[in-house]
Amino acid sequence: MTEPEQPGTPTVAARTRRERLAWFRARRPGRSRWGWWTRAAVALCVSWLVFVVLHRSLSGRYYWWGPFDLLPPFVFAAVPLLLLPVAQFARPVRWRLTLVPVLALVLGLGISGINFGTVFYSPSAPPPDAIKLVTWNTEYWDQDVRESGHGTAYFYRFLRGLDADVYLLHEYAHADFTLPDVFAQALVIDQMAELRQNFPGYQIILEGRNITLSRLPVVAHRPLYSTPWLPDDLKPLPPAFDGHPLFYTSQVLRTDIRVGDRVVSFYDTHLFQPPRRMLMMKGEPGQSVFQVDRFNFSMRRASLEAIRADVKDNPQPIVLAGDLNTSPSMGALRMLPDRLVDHTRALSSLYPATWEVGKRPYWRIDWLRTTPDVNVHRYEFLDPQGLSDHRVQQIQLTVQG
């Protein structure tokens with residue numbers, strides 16, 4: 001005779017359900033013990049890895065990714081390192097989760113701006129025939145937009161003191177930021193008299209807002225037009241640029257200069273700023289934030305396409321230098337011609353940065369690239385002494401015979 005079940009005693013069915021549940025939990029021990037800290041650690045690590053993969057895939061290809069391009073490049077190394085101890089809080093999966101920030105670090109180191117090459121590389125000493133090159137974004141020439149108290153005389157004295165054989169300079173213009181039309185804010189200047197007085201013996205080449213000074217013989221020069229690579233709706237010249245169309249149609253000045261027995265092409269380059277209005281949530285009069293960012297993105301790509309097309313057909317040694325408005329983490333660098341060599345390793349800094357001087361220079365946006373037949377013996381960044389928000393790039397180089 002079966003004894004009746006006592007009150008409070010689980011039924012056979014209930015015991016069976018509990019046993020099944022216990023067996024199921026035993027089969028999935030990790031998930032059953034996931035606390036909020038484990039879930040948070042997994043979310044952080046995986047989210048950053050996904051972001052790095054997306055950044056490497058989308059940067060430089062789509063204008064709406066532009067705001068993410070503005071991150072200081074070092075974050076692509078710093079964040080994975082910070083996530084490594086975070087992964088240890090996810091005890092049930094910590095060893096597997098540790099691989100996630102490690103993978104993000106591997107993918108991010110190459111775009112972090114860290115100059116590992118300087119640890120292993122020492123450039124050769126410059127020979128007596130090395131030429132000195134200076135390239136610099138002057139931040140609206142001698143206009144004291146930084147209110148440093150320096151005047152025109154100080155500006156020219158600083159330039160002369162650099163004593164370069166070739167100067168590749170940008171923003172030979174002034175600006176009036178109070179004007180509602182952003183295109184009209186760039187003002188034409190004429191300081192040819194001052195330039196000839198301060199740089200006797202130099203040839204002065206001016207195209208748009210880029211200016212090249214050379215005391216070596218100039219063989220030829222011309223602007224590189226970016227307009228052919230613009231979308232059709234951006235090709236027409238804005239009315240504000242009537243009388244000085246090169247302010248719009250060209251951001252690169254090519255000057256062929258005789259260096260010893262060779263003719264070298266110097267590309268004085270100043271690209272438009274990267275898309276950033278979406279981050280500011282502020283457009284321009286008559287333009288939305290998306291239209292402004294699409295415009296900047298299109299202008300940058302068009303200039304890079306112009307460089308690629310010209311370099312492809314140029315058999316001469318090449319020096320391309322200037323303000324590319326592009327950090328090491330921006331995909332736009334991929335558009336530079338493959339035959340041009342990056343000389344970052346010749347810099348002494350482990351994290352070289354050129355902008356923003358006077359605040360926190362977390363970004364390197366000024367670059368030097370050459371063909372392999374150009375030897376860089378010295379490469380350094382100089383303080384602009386309050387004249388600009390960009391550091392000066394100073395280089396000593398020779399050209400193989």
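Helix α12 lies across strands β7, β8 (250–259), β9 and β10 and runs at about 140° to β7. Helices (H or I, at least four residues) and strands (E, at least two) are DSSP runs, numbered from the N terminus. Axes are lines fitted to C-alpha atoms, for helices over the stretch in contact, and angles run from 0 to 180 degrees between N-to-C directions. The model is predicted: local features need pLDDT of at least 70, side-chain atom pairs count only at pLDDT 80 or more, and totals for chains, interfaces and linings use all residues. Residues are numbered from 1 along each chain as its sequence is written, and side-chain values use heavy atoms, with hydrogens and water left out.

The strands crossed by α12 belong to an open sheet of six strands in the order β7-β8-β9-β10-β12-β11, in which the pairing is mixed. Two strands are taken to pair if DSSP finds at least two bridges between them. The edges are occupied by β7 (218–225) and β11 (341–342); each has a single partner strand, so one side of each is left without a neighbour in the sheet. Strands of a sheet pair through backbone hydrogen bonds, either parallel or antiparallel. Both senses are found around β10. Strand β9 (residues 262–270) and strand β10 (residues 318–323) are joined in the parallel sense over six bridges, whereas β10 and β12 pair in the antiparallel sense over five bridges. On the β9 side, F266 stands opposite V319 in β10, and Y267 has L320 of β10 as its bridge partner. L320 also has a bridge partner in β12, namely R369. Strand β10 is mostly covered, as six of its six residues are buried, buried meaning under 20% relative accessible area, exposed over 50%, and partly exposed in between (1.4 Å probe, protein chains only).

A further open sheet is formed by six strands in the order β5-β6-β2-β1-β14-β13, again with mixed pairing. Here β5 (203–207) and β13 stand at the edges with a single partner strand each, so one side of each is left without a neighbour in the sheet. Neighbouring strands of this sheet are turned by 15° against each other on average, direction ignored. β13 and β14 pair in the antiparallel sense over eight bridges, and within this pair V376 is placed opposite L397 in β14. Helix α8 (residues 152–162) packs on the sheet, where it touches β1 (131–137), β2 (166–170), β13 and β14; the direction of α8 makes about 150° with that of β1. Contact means heavy atoms within 4.5 Å.

The loop between β13 (374–382) and β14 (392–399) contains L387. This residue is buried, with a relative accessible area of 10%. Leaving aside neighbours within four places in sequence, L387 is in contact with W136, T138, E139, R146, H150, Y154, F155 and F158. By contrast, L82, located in helix α5 (residues 75–87), counts as exposed at 61% relative accessibility.

A search of the whole structure finds two cavities of 30 Å³ or more. On a 1 Å grid over the protein atoms alone, a cavity is a set of points where a 1.4 Å probe fits but cannot get out, and a pocket is an open set with protein on both sides within 12 Å along at least five of seven lines; lining residues have an atom within 4 Å of a point. Grid points are joined across faces, edges and corners, and a volume is the space filled by probe spheres set on the points. The largest cavity has a volume of about 110 Å³. It is lined by 16 residues, of which G60, D69, F297, R300 and A332 are the closest to its centre. The elements giving two or more residues to this lining are α4 (66–69) and α12 (289–312), and α12 gives the most, with four residues. The lining of the largest cavity divides into ten nonpolar, three polar and three charged residues; Ala, Val, Leu, Ile, Met, Phe, Trp, Tyr, Cys and Pro count as nonpolar, Asp, Glu, Lys and Arg as charged, and the others, Gly among them, as polar.

The second largest cavity holds about 60 Å³ of space. Among the residues that line it are W141, R146, H150, F155 and L387. The lining of the second largest cavity comprises four nonpolar, five polar and three charged residues.
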